[in-house]
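Subject: Structure handover

Hello,

Here is the structure I promised to pass on. Please load it before you read the notes.

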Amino acid sequence: MRFRAKIVDLACLNHFSRIINTIAKLAKTCILRLTVCKLYFILSDKVANGGASMWCELSQGNFFDEFQMEGVAAEHNEIYLEFVPENLWRAFKTAQSAKAVKIKLTNKHCPCLRVAVELPSLSSSSRIVTHDIPVGVIPRRMWNDFREPSVPDFDVSIYLPVLKTMKSVVERMKNLSNFIVIEANLSGEMNLKIETDLVSVTTHFKDLGNPPWASEDGYQSSAQGRDVESMAEACIDIKKLQQLLAGQQVNPTKALCNIVHKRIVHFILLHEEVSLQYFIPAIA
């Protein structure tokens, strides 16, 4: 089992660093899945983290100048590692003006991802700062626990408002309640609501648009034949929504959410070369 990679391009380096920062805001620990072409950051929906789950996927070719890996076996050419994203983010934070960053899977005393940051120096010799990030290697028999979650059979799918706006609304509401109701319909309307004994606050968004799922790859959902004015809703943990919005430093090219009435809210955020899915279960 071997893995080594290198990023030289500064824009790629900073973009990758922002992705790690986003992941660190969503997950205390997560799984890094490495394949020949892609990297995945996965948080599976364990009850321990309140049932929220995440699936973030990126093509290595868009970030890495060099990328070599050999999986656990020829027919299973993948590696699954458990790690603390915050530790990786700290390592990348030191690399904002680096000449290059190398990442390597090592196993001196315990398995580690070694991040070697080559910093510019005034002399001819280069300064290299290394960070060893402990990782747990996930055995093959447990890989099935980290499969890509399927798109739920949603009642309503809707594009999200500008995330900055949504974030400031949610941050204000968070001071008043621990729970938020997201409701939306198929005529591009979405409401964010909180209700407590003392106060009820609703923010309305309209003309957001609804993604054309039905036409794509013949995918059917409960949304078909649904009354377009009728709202689907889910009450979720406001902190989880706030974490998702706080982690977005770059406005995605596409951001949408699918609501399964009173069951789950599924967010999909797409940048050119990164897709992030985040699932927040409804609170009964």
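The notes below go through the sheets, the helix packing and a few loop residues.

This is a predicted model, in which local features need pLDDT of at least 70, side-chain atom pairs count only at pLDDT 80 or more, and totals for chains, interfaces and linings use all residues. Residues are numbered from 1 along each chain as its sequence is written, and side-chain values use heavy atoms, with hydrogens and water left out.

**Nine-stranded sheet**

Helices (H or I, at least four residues) and strands (E, at least two) are DSSP runs, numbered from the N terminus. Two strands pair if DSSP finds at least two bridges between them.

One open sheet has nine strands, in the order S10-S6-S2-S3-S4-S18-S17-S16-S11. The pairing is antiparallel. S10 (136-137) and S11 (156-159) are the edge strands, each pairing on one side only.

Start with S2 (residues 30-34). Buried means under 20% relative accessible area, exposed over 50%, and partly exposed in between (1.4 Å probe, protein chains only). Five of the five residues of S2 are buried, so the strand is largely enclosed by the rest of the structure. Cys30, Leu32 and Leu34 point one way from S2. Ile31 and Arg33 point the other way, and they are buried too.

S2 has these partners:
- S6 (residues 79-83) runs antiparallel to S2, with five bridges. Leucine 34 has isoleucine 79 of S6 as its bridge partner.
- S3 (residues 38-43) is also antiparallel to S2, over four bridges. Here isoleucine 31 is bridged to isoleucine 42. Three residues lie between S2 and S3, and the two strands form a hairpin.

Next, S18 (residues 274-281). Seven of its eight residues are buried, so to speak of S18 as mostly covered is fair.

S18 has these partners:
- S4 (residues 53-59) pairs with S18 in the antiparallel sense over six bridges. Glutamate 57 has serine 275 as its bridge partner in S18.
- S17 (residues 264-270) runs antiparallel to S18, and seven bridges join them. Valine 265 stands opposite isoleucine 280. A hairpin of three residues connects S17 to S18.

At the S11 edge, four bridges join S11 to S16, again antiparallel. Isoleucine 158 has cysteine 257 of S16 as its bridge partner.

**Five-stranded sheet**

The other open sheet described here has five strands: S5-S1-S7-S8-S9, with antiparallel pairing. Its edge strands are S5 (66-70) and S9 (127-134). Neighbouring strands are turned by 15 degrees against each other on average, direction ignored. Axes are lines fitted to C-alpha atoms, for helices over the stretch in contact, and angles run from 0 to 180 degrees between N-to-C directions.

S1 (residues 2-7) and S5 run antiparallel and share five bridges. Arginine 2 stands opposite glutamate 70 in S5. Helix H2 packs on this sheet. H2 touches S1, S7 (100-107), S8 (111-119) and S9, where contact means heavy atoms within 4.5 Å. The direction of H2 makes about 175 degrees with that of S9.

**Helix pair**

H1 (residues 10-26) packs against H2 (residues 85-93) at about 150 degrees, with the axes 8 Å apart. That makes the two helices roughly antiparallel. Angles under 35 degrees count as roughly parallel, over 145 as roughly antiparallel, 65 to 115 as roughly perpendicular and the rest as oblique.

H1 contributes Leu13, Phe16, Ser17, Ile20, Asn21, Ile23 and Ala24 to the contact. H2 contributes Pro85, Glu86, Leu88, Trp89 and Phe92. The contact residues divide into nine nonpolar, two polar and one charged. Ala, Val, Leu, Ile, Met, Phe, Trp, Tyr, Cys and Pro count as nonpolar, Asp, Glu, Lys and Arg as charged, and the others, Gly among them, as polar.

**Loop residues**

- Aspartate 207 is not a glycine, yet its phi is positive, about 55 degrees. It is in the loop between S14 (200-205) and S15 (232-237). Its relative accessibility is 68%, which counts as exposed.
- Lysine 262 also has a positive phi, near 60 degrees. It is in the loop between S16 (254-260) and S17. Lysine 262 is exposed at 56% relative accessible area.
- Asparagine 175 is in the loop between H3 (163-174) and S12 (179-184). It is exposed, at 66%. Asparagine 175 and isoleucine 238 are 63 residues apart in sequence and 9.9 Å apart in space, C-alpha to C-alpha.

Best regards
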